[in-house]
Structures are given as structure tokens and as C-alpha cells.
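Grab a coffee and work through these exercises with the structure open beside you. Try each task yourself before you read its solution.

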Amino acid sequence: MYKLLPLAITAVPVLGVGASGWDDAYTKAQTALQKLSQNEKAGIVSGVTWEGGPCVGNTYAASSINYPSLCLQDSPLGIRFANPVTAFPAGINVGATWDRDLLYARGAAMGAEAKGLGVHVQLGPVSGPLGKNPDGGRNWEGFSVDPYLSGVGMEETIRGMQDSGVQACAKHWLGNEQEVHRDTISSNMGDRETHELYAWPFMNAVRANVASVMCSYNKVNGTWGCESDGILNELLKNELGFRGYIVSDWNAQHTGVHSALAGLDMTMPGSDFNTPRGSIFWGSNLVEAVSNGSVPQSRLDDMVTRVLAAWYLVDQDQGYPEVAFSSWNGGKASVNVTADHASIARTVARDSIVLLKNDDQTLPLKRPGSLAIIGQDAIVNPNGANACNDRGCNTGTLAMGWGSGTAEFPYLVGPLDAIQKQAAQDGTTIITSTTDDSTAAAEAARKAETAIVFINSDAGEGYITVEGNPGDRNNLDPWHNGNALVQAVAAANKNVIVVVHSVGPVILETILAQPSVKAITWAGIPGQESGNALNDILFGSTSPSAKLPYTIAKQRSDYGAGWVNSQSDDFTEGIFVDYRHFDKNGLSPRYEFGYGLSYTNFTYSALTVNVFATSGPTTGSIVPGGPVELFESVGTVKAQIENAGLVAGAEVAQLYIGLPDSAPSSPPRQLRGFEKVNLQPGKSELVTFELSRRDLSYWDSTMQKWVVPAGTFRVYVGASSRDIRQQGTFTV
């Protein structure tokens with residue numbers, strides 16, 4: 001009854017990131033540079049103004065080297081403003097799969113669609129915000145609040161995108177953790193959390209040879225993110241060895257000369273959004289700045305070389321398609337690039353559904369006689385899935401947050417649609433109440449054996465306010481009185497299942513207090529295949545295997561962080577974000593980071609630890625990602641995982657490391673590895689976690705080095721950050 005393998009996924013054509021990588025790309029770029037005029041150089045690094053071309057960002061072409069107007073286009077889950085395209089599950093959902101293969105496959109499929117449409121630079125993936133604030137509006141665009149999991153998400157997605165021939169753009173660098181005041185606030189970040197949390201996933205991105213990085217709107221320690229020598233030149237380019245180019249977020253540039261000297265390499269969209277267009281800092285002004293000596297010629301040449309090298313890196317100089325759509329006239333593309341990517345979207349959506357509660361084996365459903373389907377979130381917006389600009393409303397089922405990180409739905413399968421189809425096969429009677437009216441909900445619930453209640457919680461980018469939420473969420477409660485809706489249903493029916501579509505954590509205490517609530521699933525924001533993916537889990541064709549990419553608390557205040565309504569955020573939580581905060585302070589979460597149930601059971605045994613690291617700071621040369629020895633293997637941890645249940649399933653085995661007491665004020669444990677294994681009943685597999693030097697290091701702000709501390713390390717392997725099944729130690 002349970003499918004073990006993902007739905008059929010046809011391999012995306014892989015072109016590969018140039019055989020010789022950056023060195024070869026730089027050689028080509030430096031040759032091309034010699035043929036360019038000053039105006040062409042400035043044009044390559046300057047936008048042509050908002051709506052000045054078919055894409056959300058467009059540069060000037062350079063005819064002397066047959067270089068096109070570069071097309072830069074949102075978003076990190078699909079191609080914004082174009083159709084038809086695949087509306088993939090959001091980053092937070094693919095993070096919840098903890099599946100490297102799916103991360104890569106989704107990235108490769110998005111890259112293939114971008115290339116097919118003539119997009120040169122797809123603006124994603126996202127690890128800024130990381131998600132330290134559980135109510136942050138754009139957390140759902142990223143993969144996880146944990147830097148290790150987020151880093152794997154960045155790396156695999158970038159490899160997939162760039163193997164398909166599109167330039168990835170890692171964003172938003174750095175400290176972009178909220179929407180309220182995002183274009184004025186200063187993120188006052190300590191050196192240690194900057195490295196260990198917020199820069200960590202970008203290290204993976206640079207390690208994966210990401211073509212570009214987008215700097216953010218906010219200030220970092222008092223200096224604009226797109227004009228900070230400290231985070232652009234010193235941290236990203238010098239310390240992390242980034243060889244691509246830095247592009248501004250749209251209208252995040254504030255000066256011409258200073259931004260050039262600080263390390264910005266491309267400005268977007270080339271002017272502000274006012275009418276008439278103004279605030280043009282580069283273009284002809286950049287040529288003048290070089291002419292009068294304000295900006296060295298070498299700096300302009302470096303900008304251009306970086307941009308050209310990224311173009312060559314992914315072979316975009318060889319027969320790249322023309323742009324096949326316009327963002328400004330409805331986006332209808334002249335080609336259909338979706339191929340069979342719906343299967344990837346469905347697999348990701350399915351394998352990202354976290355089973356939080358399942359009393360009395362309520363799930364999977366087994367040909368029920370009758371089902372009540374309750375809540376507006378069960379149906380597609382009656383006005384159409386794309387009725388609201390950039391998804392900026394909360395009507396109907398939630399399958400995508402709002403803002404520039406969205407795409408047009410080619411279609412949206414609502415939960416009710418899929419359940420009705422299954423019910424027809426099973427002979428199940430369906431009773432519906434597809435509003436959020438509690439009285440109607442209770443009436444429907446009384447008529448059915450089992451009631452499924454759909455609730456949600458939305459968020460998005462700050463240029464749109466939805467139901468009083470200014471991008472960031474005002475609270476962590478379900479929207480539309482979801483708690484009251486569940487209470488009404490639970491009073492009328494003794495067998496209630498709750499499905500949560502949410503951009504992030506939701507406080508579930510009121511719902512869990514209802515004895516009739518037997519099962520809860522977290523389905524995130526699953527994209528176009530929402531209902532079909534949910535059906536796979538509810539009716540048991542697949543056993544759930546997802547794990548939470550963040551902690552669900554018992555109350556909002558337990559997180560110790562949240563967006564602030566002021567002009568500065570002092571990041572007082574330091575490195576103690578999400579589960580690190582809960583562990584340090586002895587707080588009990590409702591559902592911990594890494595948690596997720598299955599329809600089967602797994603046992604852990606035979607832990608072996610073989611680590612041969614030496615203590616001390618890094619001393620090696622810089623490679624893409626940071627000091628070379630950070631990425632060297634220093635040993636392995638292994639454990640045997642067995643499916644001890646009766647059905648096939650997949651388990652995410654997680655490795656956490658606790659640093660020695662000699663490391664200053666560190667979290668009790670931090671994620672440093674995970675492996676997802678598919679197992680038939682009674683079968684087992686030995687999983688191997690390979691540790692790098694970085695996994696054992698902390699950032700020493702005095703030495704300005706990554707340091708492996710001396711002493712005894714603690715090793716934890718388990719099914720979540722709290723469900724530890726095997727423990728060990730090693731000493732360095």
C-alpha cells in the first residue's frame with residue numbers, strides 16, 4: 001500500500017558548470033574585456049531601468065563581444081511573471097524533505113525552465129532571511145532556520161540550477177531577517193553569529209560556485225548592505241573566496257562611487273521606481289567616475305570580469321535562447337518549458353508533509369464511509385489561483401506565500417479536488433463546509449465519520465500588506481479564527497484531522513487541547529500539486545517522511561526572537577536561535593526541530609565514531625567557500641537504521657555535535673549531518689555521516705579564524721534534535 005520511491009522524475013538535461021570552472025571562465029572573460037569600450041563596460045554592470053526590458057532586471061548588451069542584454073528574473077520557486085511555468089513548492093517545503101536528491105532535482109528543473117525562457121539569472125535560492133524570527137515574512141523562501149540544513153539546500157539547489165545552464169543568485173546578503181523597515185533597519189550582528197549562522201549557508205553557496213550573490217536592503221552594523229566594504233569585499237570576496245558578482249537588490253543602491261568601491265558589481269534595476277525615472281548612480285555616471293579618478297579603472301574592470309566570468313561559467317555564450325516572454329504584458333511565453341516537472345513538484349510537496357500527531361492510527365485513512373471537508377483552505381480561491389497580484393491575499397487554499405518570491409500557478413489542485421477524486425474511487429461520501437464559519441463547520445462535521453479541518457497562516461514581502469500583516473506575521477496563530485474553527489468541529493465530531501498550510505510555525509496549543517483532534521499534518525506551502533501530494537499522505541499511498549525545518553513552540557515568547565518595530569535589531573539572541581535557544585534555556589518545545597512521524601517505526605543501533613581531527617585554527621589558503629581545510633574530511637560517524645515496522649518508509653537520520661567545554665558559550669548540540677534512507681519492512685542500512693573540519697569548528701572573533709577546540713566532543717544521532725537514539729564521544 002505504501003510507495004517507497006518518489007514519483008517518476010525524468011532527468012533534467014545537465015550541461016555542467018564548465019569543465020575548468022572559474023579559472024577557465026576568467027580567462028575567457030579577461031580576453032573579452034579587452035574588446036569592450038568604457039560605455040559597454042558600464043552597460044554590462046548597469047540595469048536599463050525598471051520596465052526597460054522584458055525581465056524584472058535587464059542590462060545593456062555589448063555588441064563588440066556579442067554579449068546580450070542579461071535577463072534577471074525572480075523567483076526562487078519558479079519563474080515570476082511568466083506562464084506557463086511550474087509553481088514548485090517553496091524553499092521551506094523542500095527543506096522539510098531533508099532530501100538532497102529532491103533539492104537538486106527541483107533546482108535543475110527550475111534551471112531548465114529558466115533557460116528555456118531565456119532567463120540568464122534566476123534570483124534564488126534564499127538563505128536570507130535565515131529565519132531567526134519565527135514570524136519573519138519571507139522565511140518560507142529559504143530552506144530552514146538551521147544554517148547546516150539551509151547550507152545543504154543552497155548548495156544542492158545551486159548545483160541543480162547551474163547544471164541546467166542558468167546562473168543562480170544567492171540572496172539576500174546579509175542579515176535580512178524581517179520585512180518591517182527592511183529598507184532602513186540596521187541588523188547589528190555580532191561577529192560570531194555572522195559567521196556561524198548567517199554567512200554559513202552562503203559558504204555552501206560559494207562552495208557550489210554560485211554565479212552571483214544579491215546584497216540586501218537593510219544596513220549591517222550601521223552601513224547599507226549593498227555599500228558595506230566589510231561584508232562585500234572583506235567577508236564575501238576575500239574571506240569566502242567568492243569569484244562571481246554581487247548584484248544589488250532592486251533599488252538597494254544609495255550611492256554611485258561609494259558602492260563601487262565597497263564591492264558592488266551590478267546595480268538593479270538601474271534606476272529607482274519613481275516617474276520620471278531618477279537616481280541613476282551608474283551607467284554614464286560610472287564612466288564619468290572612472291574618468292575623473294573617483295573609481296579606479298581596475299575596479300570597473302573587476303566588476304565586468306566577474307559578470308562575464310559568471311556568464312561563461314555556465315556556458316551561456318553558446319547558443320543561449322532569446323527571452324521568450326515579457327513580464328509586463330501578462331507573461332505569456334512563446335514556448336512551454338514545463339516538461340514533466342509537475343512530477344517533481346508533486347514529489348517535493350508530498351515528501352515535505354510533516355506528520356505531527358497521529359493518535360489511534362487515525363492516518364492513513366482506509367476507505368472511510370464519510371468525510372467532512374471543512375475550511376476555506378480546502379478549496380482554490382473561487383476567483384482563480386492567480387487572482388491576487390503576487391499572491392497578495394489569503395483566500396482559498398494556501399499554496400504559496402506572497403511577494404516577489406512567487407510564480408503564476410499553471411493550475412492549482414486544491415485539497416478538496418483531490419479528496420473528492422479519491423472518495424469516488426473508495427465510495428466515500430463527502431460533506432463540505434468550505435467557508436471558515438464555525439456554525440456551518442460543526443453542522444457538516446456532525447454528518448461524517450471523520451472531519452478534516454483545513455487552516456492556514458500566511459506571510460510575504462513587505463510591499464504588500466495582507467489582512468493587516470505587513471509582510472511579517474503579527475502573531476503565530478492560525479488565520480481566519482482557525483482555532484475556533486477547529487474547536488467547533490472537535491465539539492461535533494470525535495475523529496478530527498487538522499491540516500495546516502503555513503509559511504512557518506503556528507502555535508497549536510488550542511487545537512491540541514481538543515481531545516477529538518486525533519491527527520495533525522503540516523503541509524507548508526506546497527505549490528501547484530498541493531491536493532494530490534496531500535492525498536498521497538492522507539490515504540496512505542506513501543508513508544510520511546518529512547521533518548520540521550524549525551521548532552514549533554508552545555507559546556510565541558518561547559522563541560526569544562521576533563521582528564522589531566524599530567530602526568535597529570541588535571540580534572541579542574546571538575548564536576542561540578531556534579532549537580539552540582530552546583536547548584540552552586531548558587525550554588520544552590511542542591514539536592522540536594527535526595521532528596516528524598511516520599506510518600512505520602525505525603530503530604537505531606551500532607554507533608561508531610572515527611574522527612581524526614586536530615585542534616587549532618585554520619591556516620590554509622582561501623578557496624571558494626573559505627579556508628581550504630574547512631572542507632577536508634576529518635572522519636565519520638556511522639549508525640545502523642532499521643525499519644522495524646510493517647510498511648515501507650523513509651527515515652531522516654540526524655547527526656548533532658556538541659562542542660567541548662573549551663569552546664566559549666556554545667549550543668548543547670548543533671546539526672552537522674543527515675541522511676535519508678528508504679527501507680522496506682525488516683530491512684536496515686548503515687548510514688555514514690562524513691564530518692568536515694568546519695563541522696567541528698567555531699568562529700573565534702579575536703583570532704578571526706575558524707577554530708577546532710580541544711577536548712571531548714559529544715555525538716548524538718537520532719530522529720530529531722531531541723529524539724536522540726545513539727550517543728558517543730571523541731576527543732581532539
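## Exercise 1: a cysteine pair late in the chain

Cys388 has a relative accessible area of 17%, so Cys388 counts as buried. Keep in mind throughout that this is a predicted model.

**Task.** Work out which cysteine is the disulfide partner of Cys388, and which hand the bond has.

**Solution.**
- Step 1. Look at the sulfur atoms: those of Cys388 and Cys393 are 2.0 Å apart. The cut-off for a disulfide is 2.5 Å, and the two cysteines do form one.
- Step 2. Now turn to the torsion about the S-S bond of Cys388 and Cys393. The angle is about 90°, so this disulfide is right-handed.

## Exercise 2: the other disulfides

**Task.** Find out how many disulfides the structure holds, and describe the pairs that involve Cys55 and Cys215.

**Solution.**
- Step 1. The structure holds three disulfides.
- Step 2. Start with Cys55, which is bonded to Cys71 at an S to S distance of 2.0 Å. The torsion about their S-S bond is about -100°, so you're looking at a left-handed disulfide.
- Step 3. Place the two ends. Cys55 sits in the loop between helix 2 (38-44) and strand 1 (57-58), while Cys71 belongs to strand 2 (residues 71-73), so the bond ties together parts 16 residues apart in sequence. Cys55 and Cys71 are both buried.
- Step 4. Move on to Cys215, which is joined to Cys226 with an S to S distance of 2.1 Å. Here the torsion about the S-S bond is about 110°, so the disulfide is right-handed.
- Step 5. Place these ends too. Cys215 is in strand 6 (residues 212-215) and Cys226 is in the loop between strand 8 (223-224) and helix 8 (229-239), eleven residues apart. Cys215 is buried, with a relative accessible area of 0%, and Cys226 counts as buried at 0% relative accessibility.
- Step 6. Count the bonded cysteines along the chain, and the pattern reads 1-2, 3-4, 5-6.

## Exercise 3: a cysteine to check

**Task.** Explain why the sulfur of Cys169 is not bonded to the sulfur of Cys215.

**Solution.**
- Step 1. Check the distance. The closest cysteine sulfur to that of Cys169 is in Cys215, 9.1 Å away, and that's too far for a bond.
- Step 2. Check the surroundings. Cys169 has a relative accessible area of 0%, so Cys169 is buried.

## Exercise 4: a glutamate in a helix

**Task.** Decide whether Glu113 is buried or exposed, and find what its side chain pairs with in a polar contact.

**Solution.**
- Step 1. Locate Glu113: look in helix 4 (residues 100-116).
- Step 2. Read off the accessibility. The relative accessible area is 1%, so Glu113 is buried.
- Step 3. List the neighbours, skipping residues up to four places away in sequence. Glu113 touches Ile79, Val85, Thr86, Phe88, Val337, Thr338 and His341.
- Step 4. Pick out the polar partner: the side chains of Glu113 and Thr86 are joined by a polar contact of 2.5 Å.

## Exercise 5: an arginine in a loop

**Task.** Say where Arg182 lies and what Arg182 touches.

**Solution.**
- Step 1. Arg182 is in the loop between strand 4 (167-173) and strand 5 (186-187).
- Step 2. With 12% relative accessibility, Arg182 counts as buried.
- Step 3. Leaving out residues up to four places away in sequence, the contacts are Arg138, Asn176, Tyr217, Asn218, Glu461 and Tyr463.
- Step 4. Take Tyr217 from that list. Arg182 and Tyr217 are 35 residues apart along the chain, yet their C-alpha atoms are separated by 6.2 Å.

## Exercise 6: empty space inside

**Task.** Find how many cavities of 30 Å³ or more there are, and say what lines the largest cavity.

**Solution.**
- Step 1. The count comes to five cavities of 30 Å³ or more.
- Step 2. The largest cavity has a volume of about 160 Å³.
- Step 3. Its lining is made up of 18 residues, with Ala385, Arg391, Thr395, Thr397 and Phe409 nearest the centre.
- Step 4. Sort that lining of the largest cavity by class: ten nonpolar, six polar and two charged residues.
- Step 5. For practice, repeat with the second largest cavity, which has a volume of about 120 Å³. There are 17 lining residues, and Gly131, Pro134, Asn139, Val145 and Tyr550 are the closest to the centre of this second largest cavity.

Key: Residues numbered from 1 in each chain as written. Predicted model: local features only at pLDDT ≥ 70, side-chain atom pairs only at ≥ 80, totals over all residues. Heavy atoms only, no water. 1 Å grid on protein atoms, 1.4 Å probe; cavity = no way out; pocket = protein on both sides within 12 Å on 5 of 7 lines; lining within 4 Å. Points joined across faces, edges and corners; volume = space filled by probe spheres on them. Nonpolar A, V, L, I, M, F, W, Y, C, P; charged D, E, K, R; others polar. Helix = DSSP H or I, 4+ residues; strand = E, 2+ residues; numbered from the N terminus. Buried < 20%, exposed > 50% of the residue type's maximum accessible area, 1.4 Å probe, protein only. Contact = heavy atoms within 4.5 Å. Polar contact = N/O pair within 3.5 Å; in protein donor to acceptor, adjacent residues only side chain to side chain.
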